[in-house]
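Hi,

Here is the structure I said I'd pass on to you. Have a look at it first, and then read on for what I found in it.

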Amino acid sequence: MEDFYLSRALFRTQEILDNFTTERSMQVKLKALTENGRIEKIKNGLYATVNSLTGDIFASRFEIASALFENACVAYHSALEFHGLGNQMFSEVQVFTEKRYNPFIYNGLEYKFFSYTAKGGIMRLEQNAEIVVTDLERTIVDCIDRIDLAGGLEELVTALNGITHLDEQALLSYLKEYNKKFVYKKAGFLLSLLKKDLLSQNFFDICKQNCSIKLEDISENKKMPRKTDKYWGLMYPEKLINTEN
């Protein structure tokens, strides 16, 4: 099948090997297609089909991230971007993997890999190719756990302000998997800044019951003026979060 690559945006060599008599004949064909600008090599064993009209590949950063390794999953700020909540498009693509890999650069984007933090909350959907990404609620809890990987506190608060719906039980399920007092505390505080009708009082009561009583600080720059939320026992930068609105 000469035009095997035309039916997919991404493909792995092991998926097409049966179309050739030998592995060498496959490599010769791949080399020719690459030189002719029909396909691009992303990494060993993974290729992308090029749009002949634009000269760009069809696959998005999310599709590439999902295909780089077995069980890879778009995570953290990259997942926020997928869900339309990223205030900025980063040149870094964050990916959950079952093994640790060195960062990988392709087409000006750096793909960074992180160990899975919890189970469940994974979406699979097809666009030009398959995308595997954390669902909205799992993304929020992951980003609250690692605010640094969410692009920082200001970026996370901006993303949270863009949310129009939430599955409360899913949030509680992921928080329970983490089972970290500080994550419960940050979740209760940050999500209390959202529109009041998105989450019930029961959600915040559960967060309160599971968080520590000691005063903790979520400010990234400890030199900036800060305020204290006495109910949650959190210090936060006054210029980044306005809790009076």
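Helix α5 passes helix α8 in a right-handed crossing. This is a predicted model, by the way, so please read everything below in that light. In the sequence, α5 covers residues 136–145 and α8 covers residues 181–191. Their axes come within 9 Å and cross at roughly 115°. Angles of 65 to 115 degrees count as roughly perpendicular, so that is the word for how α5 and α8 lie to each other.

Which residues of α5 and α8 meet? On the α5 side they are Ile140, Val141, Ile144 and Asp145, and on the α8 side Val183, Lys186, Ala187, Leu190 and Leu191. Seven of the residues in this contact are nonpolar and two are charged, with no polar ones.

Just before α8 there is something to look at in the backbone. Asparagine 179 sits in the loop between α7 (168–178) and α8, and its phi is near 55°, a positive value in a residue other than glycine. Is asparagine 179 buried or exposed? Its relative accessible area is 60%; over 50% counts as exposed, so asparagine 179 is exposed.

Tyrosine 76 also has a positive phi, near 50°, and it isn't a glycine either. This residue belongs to helix α4, which runs over residues 76–82. Its relative accessibility is 2%, and since buried means under 20%, tyrosine 76 counts as buried.

Next, serine 212. You'll find it in the loop between α9 (201–210) and β10 (216–217). With a relative accessible area of 16%, serine 212 is buried. What does its side chain make a polar contact with? The partner is the side chain of glutamate 216, at 3.0 Å. If you leave aside neighbours within four places in sequence, serine 212 is in contact with Lys181 and Lys185. Lys181 and Lys185 fall within the residue range of α8, so this is a good place to come back to that helix in the viewer.

Last, have a look at phenylalanine 20, in the loop between α1 (13–16) and α2 (23–35). Phenylalanine 20 is buried too, with a relative accessible area of 15%. Not counting residues up to four places away in sequence, it touches Phe4, Ser25, Met26 and Lys29.

That's what I have for now. Shout if anything is unclear.

Cheers

Methods. Residues are numbered from 1 along each chain as its sequence is written. This is a predicted model: local features need pLDDT of at least 70, side-chain atom pairs count only at pLDDT 80 or more; totals for chains, interfaces and linings use all residues. Side-chain values use heavy atoms; hydrogens and water are left out. Axes are lines fitted to C-alpha atoms, for helices over the stretch in contact, and angles run from 0 to 180 degrees between N-to-C directions. Helices (H or I, at least four residues) and strands (E, at least two) are DSSP runs, numbered from the N terminus. Angles under 35 degrees count as roughly parallel, over 145 as roughly antiparallel, 65 to 115 as roughly perpendicular and the rest as oblique. A crossing is left-handed if the near helix is turned anticlockwise from the far one by less than a right angle, and right-handed if clockwise. Contact means heavy atoms within 4.5 Å. Ala, Val, Leu, Ile, Met, Phe, Trp, Tyr, Cys and Pro count as nonpolar, Asp, Glu, Lys and Arg as charged, and the others, Gly among them, as polar. Buried means under 20% relative accessible area, exposed over 50%, partly exposed in between (1.4 Å probe, protein chains only). A polar contact is a pair of N or O atoms within 3.5 Å; within protein, one must be able to donate a hydrogen and the other to accept it, and residues adjacent in sequence count only if both atoms are side-chain atoms.
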